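Morning, everyone. I have one structure to walk through today. Please pull it up and follow along.

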Amino acid sequence: MCMGQVGHGEMIKTPFVAMWSILLVGLVLTLLAVITALYQPWFGLTLVLDKQHVVVDTIATPLAGIQQGQIVKSIASVDGRNRTELVEQGVMEDPDQLETYQQSRQFFSRQDHLANMLRQRQISMQFAKGGSVVLNVEPRRPINSLPLVFWVQIFVGLSSFLIGGGMGY
């Protein structure tokens with residue numbers, strides 16, 4: 001008997017049913033995390049930090065005027081307004097590396113500003129050695145653009161959830 005009635009309609013959950021329930025909840029939460037990551041604006045480039053400079057790392061579709069390793073100075077609206085310098089803190093993976101609450105508030109304020117800018121259909125990207133390029137901003141990103149570190153974190157999170165959920169059984 002896998003599941004049965006006890007007393008006044010109370011169900012007994014076997015470890016098998018409990019583990020499948022935990023797995024289902026974990027998979028749903030994982031799917032929600034992936035969907036959230038995919039429904040973010042994307043302009044076809046991955047930027048990383050290299051020797052205290054923000055540089056172009058990967059280019060999804062070849063674009064004239066953009067090369068891997070090129071130092072990015074700023075982004076702006078296509079009309080040149082709302083120019084925002086790209087700084088080291090803007091591309092960090094985890095803001096818990098910041099030392100003070102003030103730095104955290106500045107980081108999140110800056111991220112809000114960049115997110116608002118990426119709601120436009122196009123942005124202008126300026127490079128350290130001069131020149132700029134207009135990029136189309138897509139409302140969501142392709143699944144193959146999610147970096148390996150994202151998938152590692154997803155795997156670790158799901159595994160931890162399953163192990164933690166199964167500890168009582």
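Start at the loop between β3 (45-50) and β4 (53-59), where Gln52 sits. Keep in mind that this is a predicted model. The phi of Gln52 is near 65 degrees, a positive value in a residue other than glycine. Is Gln52 buried or exposed? Exposed, because its relative accessibility is 62% and the cut-off for exposed is over 50%.

There is another residue to look at for its backbone. Asn82 is placed in the loop between β5 (72-77) and β6 (84-85). Its phi is near 60 degrees, again positive, and Asn82 is not a glycine. Asn82 has a relative accessibility of 45%, so it counts as partly exposed.

Asn82 leads us on to Ser77. Leaving aside neighbours within four places in sequence, Ser77 is in contact with Asn82, Met117, Gln120 and Ser124. Ser77 itself belongs to strand β5. Its relative accessibility is 7%, so it counts as buried; the limit for buried is under 20%. Which side chain does Ser77 join through a polar contact? That of Gln120, at 3.2 Å. So for Ser77 we have a buried residue with a polar side-chain contact to Gln120.

Now helix α1. It covers residues 15-38, which is 24 residues. What span should we expect? At 1.5 Å a residue, the answer is 34 Å. The end C-alpha atoms are 34 Å apart, so the model agrees with the expectation.

Next, the burial pattern in this helix. Ala18, Ile22, Gly26, Thr30, Val34, Ala37 and Leu38 are buried in α1. What covers them? The cover includes α3, residues 148-166.

Then there is the surface. Leu24, Val25, Val28, Leu29, Leu32 and Phe161 form a nonpolar patch there. Together they have about 530 Å² of accessible area. Where does the largest share of the patch come from? From α1, with five residues.

Take Leu32 as one of the patch members. Leu32 lies in helix α1. It is partly exposed, because its relative accessible area is 48% and the partly exposed class runs between 20% and 50%.

So, to recap α1. The helix holds buried residues, including Ile22 and Val34. It also gives the nonpolar surface patch its largest share. And its end-to-end distance of 34 Å agrees with the expected span.

That's my tour. Over to you for discussion.

Definitions and conventions
Residues are numbered from 1 along each chain as its sequence is written. This is a predicted model: local features need pLDDT of at least 70, side-chain atom pairs count only at pLDDT 80 or more; totals for chains, interfaces and linings use all residues. Side-chain values use heavy atoms; hydrogens and water are left out. Helices (H or I, at least four residues) and strands (E, at least two) are DSSP runs, numbered from the N terminus. The expected span of a helix is 1.5 Å times one less than its number of residues. Buried means under 20% relative accessible area, exposed over 50%, partly exposed in between (1.4 Å probe, protein chains only). Contact means heavy atoms within 4.5 Å. Patches are made of residues with over 30% relative accessible area and no salt bridge: like charges are joined within 9 Å, nonpolar side chains (Val, Leu, Ile, Met, Phe, Trp, Tyr) within 5 Å. Accessible areas come from the Shrake-Rupley method with a 1.4 Å probe; for residues, only the protein chains shown count as cover. A salt bridge is a side-chain nitrogen of Lys or Arg within 4 Å of a carboxyl oxygen of Asp or Glu. A polar contact is a pair of N or O atoms within 3.5 Å; within protein, one must be able to donate a hydrogen and the other to accept it, and residues adjacent in sequence count only if both atoms are side-chain atoms.
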